[in-house]
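Subject: Structure for you to look at

Hello,

Here is the structure I said I would pass on. Please open it first, then read the notes below it.

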2 protein chains.
Amino acid sequence: MAPDRRKMIVEAATKSFSLFGYKATTMDQVAKLANVGKGTIYTFFKNKEELFEEIISSIVKEMIVEADAAIQPNLPFTENVHRALYRLLEFRSQHQLMIKLVQEEAEMGTLAVSEMLQHVENEIVVYLKQKIELAITKGAIPPANTEITSYLLLKMYIALVSDWERNHAPLSSEQIADIMKVFLLQGLPR
Amino acid sequence: MAPDRRKMIVEAATKSFSLFGYKATTMDQVAKLANVGKGTIYTFFKNKEELFEEIISSIVKEMIVEADAAIQPNLPFTENVHRALYRLLEFRSQHQLMIKLVQEEAEMGTLAVSEMLQHVENEIVVYLKQKIELAITKGAIPPANTEITSYLLLKMYIALVSDWERNHAPLSSEQIADIMKVFLLQGLPR
DNA sequence: TTTTGACTAATTTAGTTTTTCGGTCAATTA
DNA sequence: TAATTGACCGAAAAACTAAATTAGTCAAAA
């Protein structure tokens, strides 16, 4: 049984990135963890950053699967927006690697990490945008600038799920659903 | 005519903070600019940070005046929310000192600057909260958690006015008003 | 053909010295 | 006498240097 070296490398790198962050993970470290010569890594990946990209890409795919699983076609569109977005941010706040990367960005501002987190955010916006466009063609919601709307929706959830916690006690899923219902369903005024 | 030393110090410090940022402004610099001995500064202010606080405080007061001026009692509440918030963020994005401080926070993460910007944000939330509470007692909008609502409103505007510009062309006041109208007035679904 | 790890150039870190700066206070001024 | 000043101090930051680390390469080994 020939071991799948590529897979071992990806697994070792994921573990190390999760434990020590991107910067503090050395390629020697990954090679050793993967039981592989360092040169072997470079037969599969052009460089450290490309290895990182591959790992982030598959995490994004995981996130999309999670979000899709949260959606229930019989529920109203706005309810599903909430369920999907909440699941996405929950994933981000529970996934070891994501936690570590957010921490590394805050503490050391590693460029490659900032870019990657930005990339993840973009992917989420694209995902949302598709859902919104689908809802518009189905007539569930009126036409709007889907790019800005998706962007704003994500920012609203990040504000409630992550930013709020910097200075206040965390909000429960229900609290977030309640406040978002105001904006998603009827707007402020009575 | 005895010169008002306190005022000269505050003006010199404001100018220097605006030009070079907080960290790069030295007390010797401020003293020289203010035509004052360094010791004199310390007869009016306990330390550099307190001098900074005084300047930020008066800027916050200016901002509140600006926001209030944007409000027109005959317009609907949500329209005024937009006008006040837009004016506040416009102020922030046009005021030399604010621009410099935001830049300094991003580039060097100066602690005192982060704290001060956080403080400004809090002041805005408090201001908004008061307006919302007033609107609730007047029956213009239904009761809600005013703290979270104000916070979320501010974050939405920051997202549209500042964050969006990091990766896209700036949005016009009208575009922002349009997208906010969706969330403030009717909600997503038709 | 695939894998490897010693090797290299470039970057980062650690250690040291020098400079700068916030804040004080004895001397000076008004 | 009260207000003002700037030389002075310790602490903190910057500049500099030497040493160590590390991403990526490639000739040799498997």
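A helix here is a run of at least four residues that DSSP assigns as H or I, and helices are numbered from the N terminus. With that in hand, the order of elements in chain A, read from the N terminus, is α-α-α-α-α-α-α-α-α. Chain A therefore has 9 helices and 0 strands under that definition. Please keep in mind that this is a predicted model.

Overall form of chain A

Along the principal axes, the C-alpha atoms of chain A fill a box of roughly 65 × 40 × 25 Å. Chain A has 190 residues, and 44% of them count as buried. The exposed area of chain A is about 9,800 Å², and 53% of that is supplied by carbon and sulfur atoms. Among contacts in chain A with a separation of 6 or more, 62% are between residues 24 or more positions apart. Chain A carries 21 positive and 24 negative side chains. The centres of those two sets lie 3 Å apart.

The two chains

How is chain B placed relative to chain A? A rotation of 180°, with 0.0 Å of shift along its axis, superposes chain B on chain A with an RMSD of 0.1 Å. The two copies are thus related as by a two-fold rotation axis. Of the interface residues of chain B, 100% are also interface residues in chain A, so the copies meet through the same surface.

The annotated region

An unreviewed UniProt entry gives the annotation "domain: HTH tetR-type" for residues 3-63 of chain A. Over residues 3-63, the chain is 75% helix and 0% strand. The C-alpha atoms at the two ends of residues 3-63 are 28 Å apart.

One residue to look at

Find Ile9(A), which lies in helix 1 (residues 5-20) of chain A. Is Ile9(A) buried or exposed? Its relative accessibility is 0%, so Ile9(A) counts as buried; the cut-off for buried is under 20%.

Which residues is Ile9(A) in contact with, leaving aside its neighbours within four places in sequence? They are Val30(A), Ala34(A), Val36(A), Thr40(A), Ile41(A), Phe44(A), Phe45(A) and Leu51(A). You can also check Lys32(A), which is 23 residues from Ile9(A) along the chain. The C-alpha atoms of Ile9(A) and Lys32(A) are separated by 9.4 Å.

Regards

Key
Residues numbered from 1 in each chain as written. Chains lettered and ligands numbered in written order. Predicted model: local features only at pLDDT ≥ 70, side-chain atom pairs only at ≥ 80, totals over all residues. Heavy atoms only, no water. Least-squares fit on C-alpha atoms with pLDDT ≥ 70 in both. Contact = heavy atoms within 4.5 Å. Buried < 20%, exposed > 50% of the residue type's maximum accessible area, 1.4 Å probe, protein only. Areas by Shrake-Rupley, 256 points an atom, 1.4 Å probe, with all protein chains shown as cover. Lys, Arg positive; Asp, Glu negative; His and termini not counted. Charge placed at Lys NZ, Arg CZ, Asp CG, Glu CD. UniProt positions renumbered as here; feature names shortened; annotations may be inferred.
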